[in-house]
Amino acid sequence: MRKLTLEERVSKLERMINVKENVSLTELDCERLQSVVDLHLKKFKCTCDVEDSNADYGFVNIGIYNNDSYSTEYDVSAVEYNRFEVMHDDKVIGVAKSYNDIGKIIATHYGKNF
């Protein structure tokens, strides 16, 4: 899988914004999400980076890194309060009610596919 540049990741999220309106995410939400996903990915010795430039529109991109090398990415969309869609390659892989659920969905998918 080819690594997307930051500009491509932002552009991808901006295209998603035009499709539907979502719940805004704050900087604190993004920091919390990153810490929870990192916690769930710890068993795979991976870390994540949350791209939050579109958080105001309810979209974040989570890049997964293994030994500082890009592995894959996931998109998270805040559809409603306490309802999030987790996507990989533009396909919904799960619906979550909390940040912990998001971390579980990403870790489970990552563990099975990478």
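**Exercise 1. Is the crossing of helix 2 and helix 3 left-handed or right-handed?** Describe how the two helices pack.

*Setting.* This is a predicted model; local features need pLDDT of at least 70, side-chain atom pairs count only at pLDDT 80 or more, and totals for chains, interfaces and linings use all residues. Residues are numbered from 1 along each chain as its sequence is written, and side-chain values use heavy atoms, with hydrogens and water left out.

*Solution.*

Step 1. Find the helices. Helices (H or I, at least four residues) and strands (E, at least two) are DSSP runs, numbered from the N terminus. Helix 2 covers residues 27-41, and helix 3 covers residues 99-113.

Step 2. Get the geometry. Two packed helices are described by the angle between their axes and the distance between the axes. Axes are lines fitted to C-alpha atoms, for helices over the stretch in contact, and angles run from 0 to 180 degrees between N-to-C directions. For helix 2 and helix 3 the angle is about 40°, and the axes are 8 Å apart.

Step 3. Name the arrangement. Angles under 35 degrees count as roughly parallel, over 145 as roughly antiparallel, 65 to 115 as roughly perpendicular and the rest as oblique. Helix 2 and helix 3 are therefore oblique to each other.

Step 4. Settle the hand. A crossing is left-handed if the near helix is turned anticlockwise from the far one by less than a right angle, and right-handed if clockwise. The crossing of helix 2 and helix 3 is right-handed.

Step 5. List the partners. Contact means heavy atoms within 4.5 Å. Helix 2 brings D29, R32, L33, V36, V37, H40 and L41; helix 3 brings Y99, N100, I102, G103, K104, I106, A107 and Y110. The residues of this contact divide into nine nonpolar, three polar and three charged. Ala, Val, Leu, Ile, Met, Phe, Trp, Tyr, Cys and Pro count as nonpolar, Asp, Glu, Lys and Arg as charged, and the others, Gly among them, as polar.

**Exercise 2. Which residues does Y99 contact, leaving aside its neighbours within four places in sequence?** Place Y99 as well.

*Solution.*

Step 1. Y99 is found in helix 3.

Step 2. Buried means under 20% relative accessible area, exposed over 50%, partly exposed in between (1.4 Å probe, protein chains only). Y99 counts as buried because its relative accessibility is 16%.

Step 3. With those neighbours left aside, Y99 is in contact with L25, D29, R32, L33, V36 and F84.

Step 4. Take V36. Y99 and V36 are 63 residues apart in sequence, yet 6.7 Å apart in space, C-alpha to C-alpha.

**Exercise 3. What is the phi of N82?** Then treat D89 in the same steps.

*Solution.*

Step 1. N82 has a positive phi of about 60°, although N82 is not a glycine. N82 lies in the loop between strand 3 (69-80) and strand 4 (83-88).

Step 2. N82 counts as exposed, because its relative accessibility is 56%. N82 touches A96 and K97, not counting residues up to four places away in sequence.

Step 3. Phi of D89 is near 55°, again positive in a residue other than glycine. D89 sits in the loop between strand 4 and strand 5 (91-96).

Step 4. D89 is partly exposed, with a relative accessible area of 45%.

**Exercise 4. How many helices and strands does the chain have?** Sum up the whole chain.

*Solution.*

Step 1. Count the elements: three helices and five strands.

Step 2. Read their order from the N terminus on: α-α-β-β-β-β-β-α.

Step 3. Check burial. Buried residues make up 48% of the 114 residues in the chain.

Step 4. Look at sequence separation. Among contacts between residues at least 6 apart in sequence, 50% join residues at least 24 apart.
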